[in-house]
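I opened the file today to look up two things. Notes follow in the order I checked them.

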Amino acid sequence: MHIFVSQPETITLTNFESEEIVVNYKNDALHFGAISMFVASLGGCTFAVLNSYAHRLDITTENIRITLNWVFEQEPTRISQINMQIVWPELPEKRLKSVQRATHKCTVHSTIHQCVDIQTEVTNQG
């Protein structure tokens with residue numbers, strides 16, 4: 001997968017079939033950190049759903065491009081909104097709505113939507 005960081009809160013994912021994860025930046029001031037990885041996981045999981053859909057329709061996923069941007073909020077500091085735009089040139093017009101519905105079926109999407117109870121333990125014993 002190729003990840004292009006174009007703004008502090010915007011990434012674009014392409015080349016999902018690549019065995020390597022390659023990160024490129026619009027400029028040197030940008031970085032790919034934990035929040036970007038979290039958002040990229042949503043894009044990667046969504047692609048997995050689209051890829052499954054593509055196999056059933058016998059269409060290629062080579063040119064899928066997923067751009068994600070997010071909004072930060074304070075008190076508590078969190079991501080309050082993620083916007084995902086999927087461009088799939090080979091997708092037939094008559095399949096747009098069904099693919100739109102399918103994107104909500106990815107595990108990461110469902111997890112974010114439902115929230116997760118996080119249990120944390122800190123220890124100094126190995």
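**Sheet first, then cysteines**

I started with the sheet: an open one of 5 strands, in the order β3-β1-β2-β4-β5, with mixed pairing. Reminder to self: this is a predicted model.

Next I looked up the edges. They are β3, residues 22-25, and β5, residues 78-87, and each of these pairs on one side only. I also noted the twist, which averages 20 degrees from one strand to the next.

Then I picked out one pair of strands. β1 covers residues 2-7 and β2 covers residues 10-14; the two pair in the antiparallel sense, over 5 bridges. For a landmark within this pair I took Phe4, which stands opposite Thr12 in β2.

On to the cysteines. How many disulfides does the structure hold? I found 0. As a refresher, a disulfide is a covalent bond between the sulfur atoms of two cysteines.

Why is Cys45 not bonded to Cys106? Cys106 has the cysteine sulfur closest to that of Cys45, but the distance is 3.3 Å, so the two are too far apart for a bond. The cut-off I need here is that the sulfur atoms must be within 2.5 Å. I checked from the other side too: Cys106 is in no disulfide, and its nearest cysteine sulfur is that of Cys45, 3.3 Å away.

Last lookup: are these cysteines buried or exposed? Buried means under 20% relative accessible area. Cys45 has 18%, so I logged Cys45 as buried. Cys106 has 1% relative accessibility, so Cys106 went down as buried as well.

Notes: Residues numbered from 1 in each chain as written. Predicted model: local features only at pLDDT ≥ 70, side-chain atom pairs only at ≥ 80, totals over all residues. Heavy atoms only, no water. Buried < 20%, exposed > 50% of the residue type's maximum accessible area, 1.4 Å probe, protein only. Pairing = 2+ DSSP bridges. Helix = DSSP H or I, 4+ residues; strand = E, 2+ residues; numbered from the N terminus. Axes fitted to C-alpha atoms, helices over the stretch in contact; angles between N-to-C directions.
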